[in-house]
Amino acid sequence: MSYTIALAGNPNCGKTTLFNELTGSRQHVGNWPGVTVDKKEGTYKKNKEINMLDLPGTYSLSPYSAEEIVARDYIVKEKPDAVINIVDGTSIERNLYLTLQVLETGIPTVVAMNMMDEVENRGDKIDCQKLSQILGVPVVPIVARTGKGLDELMKAAHKTASGARPSNQLLIFGDDIEQAIEEIKEHLTEGTPGDRQWTAIKLLEGDEVIAKTLEPAQAGTIQDIVDRMDSKCSGDTEAAIADQRYQYIGQLVKKTVKKAQSGHVETRSDKLDKILTNRVLALPIFAAVMYLLFAATFSENFLFIPGLPSPGVWLAGLVETAWGALTGLVEGGLTAVGASGWALGLVLSCMDGIGAVAGFLPLVLVLFLLLSFLEDSGYMARVAFVMDRIFRRFGLSGRSFIPLLMGFGCSVPALMASRTLENDKDRKITMMITPFMSCGAKLPIYLMFAVTLFVNSNQTMIVFGIYMIGLLAAVASAFILGKLLKGGEVSNFIMELPAYRIPTLKSVLIHAWEKVKGFAVKAGTVIFGSTVLIWLLSSFNFSGMCEMEDSFLASIGNAIKFIFIPLGFADWRASVGVVTGWIAKENIVATFGQLFGGVSDEVIEAVSAGEEALPAITSVFTPAAAWAYMTFNLLCMPCFAAVGAIKREMGSWKWTLRAVGYQMLTAYIVAFVVYHLFGLFY
Amino acid sequence: MALAMVGIGETRTITELRVKEEMKRHLQDLGFTVGEKVYVAGENSSGLILKIKGARIALNRGLATKISVA
């Protein structure tokens, strides 16, 4: 016979770690409260008959967030055969608040007392046997991170699920509330006695979701009982119930927990927080951490040592070399077997397209390994808190900072990082503005114009200016979108800060791999498809294969160039550049190379050497038009890989299109303003 | 007085939660009930870090002004 056992517990109690240990499943482990929003299922690795379900982290069974509703609905309505309630032994009082509510549901329960190693290190003692006697359910001490006690836990859970012994009837509430519960129960007809007990308590707590399920006839009489109770409890039965639960827990803890020291005990985490969240030091330390993170991922001169590539750059170089060699082999092979020109062209351009993604993959991998480490260590929660003050001014919460910062490297991992944002509105806005942070691939575009058109200006200032335009667009957008989108004001910031822990290698690897896998597969398919399409369009017209100037792409460029008249660059080649930029932004430089009569590799080399690369573009672009063109390509739809990431994280085409639409509109308006404003100066 | 006014290292007792129904419920779930002791472990320009019922909670100053303590 098979059973379903659900894991329930507070955020950060080690629930996901336990789930991974029990199922061996590949799954995200995070320190952000509420990170497991979806239902996650697996089977117990030592008994395939036992299905395990990882419920979202929840502080109580009263719905506050979407996660809590999911957890509660599952426990109450779908009724697993047993619930394993994980309790963080280091904050047992707060954690038992959920335990009491789970027991109220009457579902067979086993309590897993987690973090027992840390409890012992503090010199505290928890008498699990006594706790078990009082509650009437098994209480098993475990250490989820090391796997200690898990066999005993599962034995107890198996026994509980098959035996279904109810927990003790706990006397938590005072006479008044107990009597009101009994009165309400008399008017309830549906469900098991356990269901009725639970429903009655929730009705007294003023739970609107439950109240709506009542028949009109019941509702009136029950409301009278609730109102009567409210007036006895000076208008707040809910607070009285919460209070009595905590009082009960207080007594329970007194009987079962021996603390080595009373009062406030300063832990290692407290000491670290004094430095890492310090009023003065927090920001400089965070800046240093972020610098190291980026340097390790993107830097060509790692740790300021000229020519020393960072681990990310070094790995990317290896992949590019390997891919180049493979492409060479394929080219040689195809030529040897006498493949036709178009077949060769198609295969090679596809390989280039995939190679562009493959070259990014090591960067993404290194970035995510480091980010996963920071997240699992508990530091990210502090960063969100420290940045909250600054971001609140722009209508965002502190949690948006990480994705936006990562956007300067590459939008794709940045967009994926936005999933750590709890608030739906914050997450959507962050995703919409992340591409405004100028990514690494856009830099060659600015350099190309800077060295060609702005020979006598400070070229660094031109590049810096473009970055600033992106930043300003992002800030203004956060403000505007904050007013436009539904979801109310920026919510108050309240978040549990988990204890600092050195993450296990296994959890960091699982965590990083989850994200990189998605990047490789989804972004790869989008890139691949678009590469084939653009190649076809740029190599053919109705009479067959042709030069680029006569291709479909040129016709399309000519057809759409009128759109850009107000922006100052109504040229088919410029238009085509915008389109090829959507495959990969650095493509624009290569496209210009081909269309303005250069060899693309040489153009890129000249650009990086700071030489005047493409004199021909001065005939098409005025300086103001060049500014407009750079601005437009910075702000308009990001590359397809990033759009794929937006689609995946938004989870809907509607919102993906809205995001892209917003970016296009912003790009057009800002480029228009830039063109006319800069026209006054040049 | 408001919780936001309490200095680092001080322990106070919560006397009132002056917030909307939903936030009140969430605060209660996190251990903030009238009569509960709360220790201020740290503060910065974003807000306060509190110790309550053995857990470490960060909250912004705006919210901390709505929690009364004695």
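These exercises, each with a worked solution, explore a predicted model.

**Exercise 1. Describe the contact between chain A and chain B: how many residues does each chain give?**

Step 1. Count by chain. Chain A puts in 35 residues, and chain B puts in 31 residues.

Step 2. Find the elements on the side of chain A. Those that give two or more residues are α3 (92-104), α11 (237-256), α12 (268-276), α16 (379-392) and β9 (494-496) of chain A.

Step 3. Pick out the main contributor. The largest share of this side, five residues, belongs to α11(A).

Step 4. Sort the side of chain A that touches chain B by class. It has 14 nonpolar, ten polar and eleven charged residues.

**Exercise 2. Work out how β9(A) pairs with a strand of chain B: in which sense, and over how many bridges?**

Step 1. Name the partner. It is strand β4 (residues 55-60) of chain B.

Step 2. Read the pairing. β9(A) and β4(B) run in the antiparallel sense, over three bridges.

Step 3. Locate one facing pair. A:Ile494 stands opposite B:Leu59 in β4(B).

**Exercise 3. Outline chain B: which elements does it have, and in what order?**

Step 1. Tally the elements. Chain B has two helices and five strands.

Step 2. Put them in order. From the N terminus on, they run β-α-β-β-β-α-β.

Step 3. Test how compact the chain is. Its radius of gyration is 11 Å, close to the 11 Å from the globule rule for 70 residues, so chain B is as compact as a globular protein of that length.

Step 4. Add the dimensions. The C-alpha trace of chain B spans about 30 × 20 × 20 Å along its principal axes.

**Exercise 4. Analyse two helix pairs of chain A: at what angle do the axes of α21(A) and α27(A) cross, and at what angle do those of α20(A) and α25(A) cross?**

Step 1. Recall the description. Two packed helices are described by the angle between their axes and the distance between the axes.

Step 2. Take α21 (residues 459-484) and α27 (residues 623-635) of chain A. Their axes come within 10 Å and cross at roughly 45°. That crossing makes α21(A) oblique to α27(A). The crossing is right-handed.

Step 3. List the residues that meet. A:Ile466, A:Ile469, A:Gly470 and A:Ala473 in α21(A) meet A:Met630, A:Thr631, A:Leu634 and A:Leu635 in α27(A). This contact has six nonpolar, two polar and no charged residues.

Step 4. Take α20 (residues 443-453) and α25 (residues 587-595) of chain A. Their axes come within 7 Å and cross at roughly 45°. α20(A) is therefore oblique to α25(A).

Step 5. List this contact too. A:Pro444, A:Ile445 and A:Met448 in α20(A) meet A:Ile588, A:Val589 and A:Phe592 in α25(A). It has six nonpolar, no polar and no charged residues.

Note on methods:
Residues are numbered from 1 along each chain as its sequence is written. Chains are lettered from A and ligands numbered from 1 in the order in which they are written. This is a predicted model: local features need pLDDT of at least 70, side-chain atom pairs count only at pLDDT 80 or more; totals for chains, interfaces and linings use all residues. Two residues are in contact if their C-beta atoms, placed from the backbone, lie within 7 Å. Helices (H or I, at least four residues) and strands (E, at least two) are DSSP runs, numbered from the N terminus. Ala, Val, Leu, Ile, Met, Phe, Trp, Tyr, Cys and Pro count as nonpolar, Asp, Glu, Lys and Arg as charged, and the others, Gly among them, as polar. Two strands pair if DSSP finds at least two bridges between them. Axes are lines fitted to C-alpha atoms, for helices over the stretch in contact, and angles run from 0 to 180 degrees between N-to-C directions. Angles under 35 degrees count as roughly parallel, over 145 as roughly antiparallel, 65 to 115 as roughly perpendicular and the rest as oblique. A crossing is left-handed if the near helix is turned anticlockwise from the far one by less than a right angle, and right-handed if clockwise. The radius of gyration is taken over C-alpha atoms; the globule rule is 2.2 Å times the number of residues to the power 0.38.
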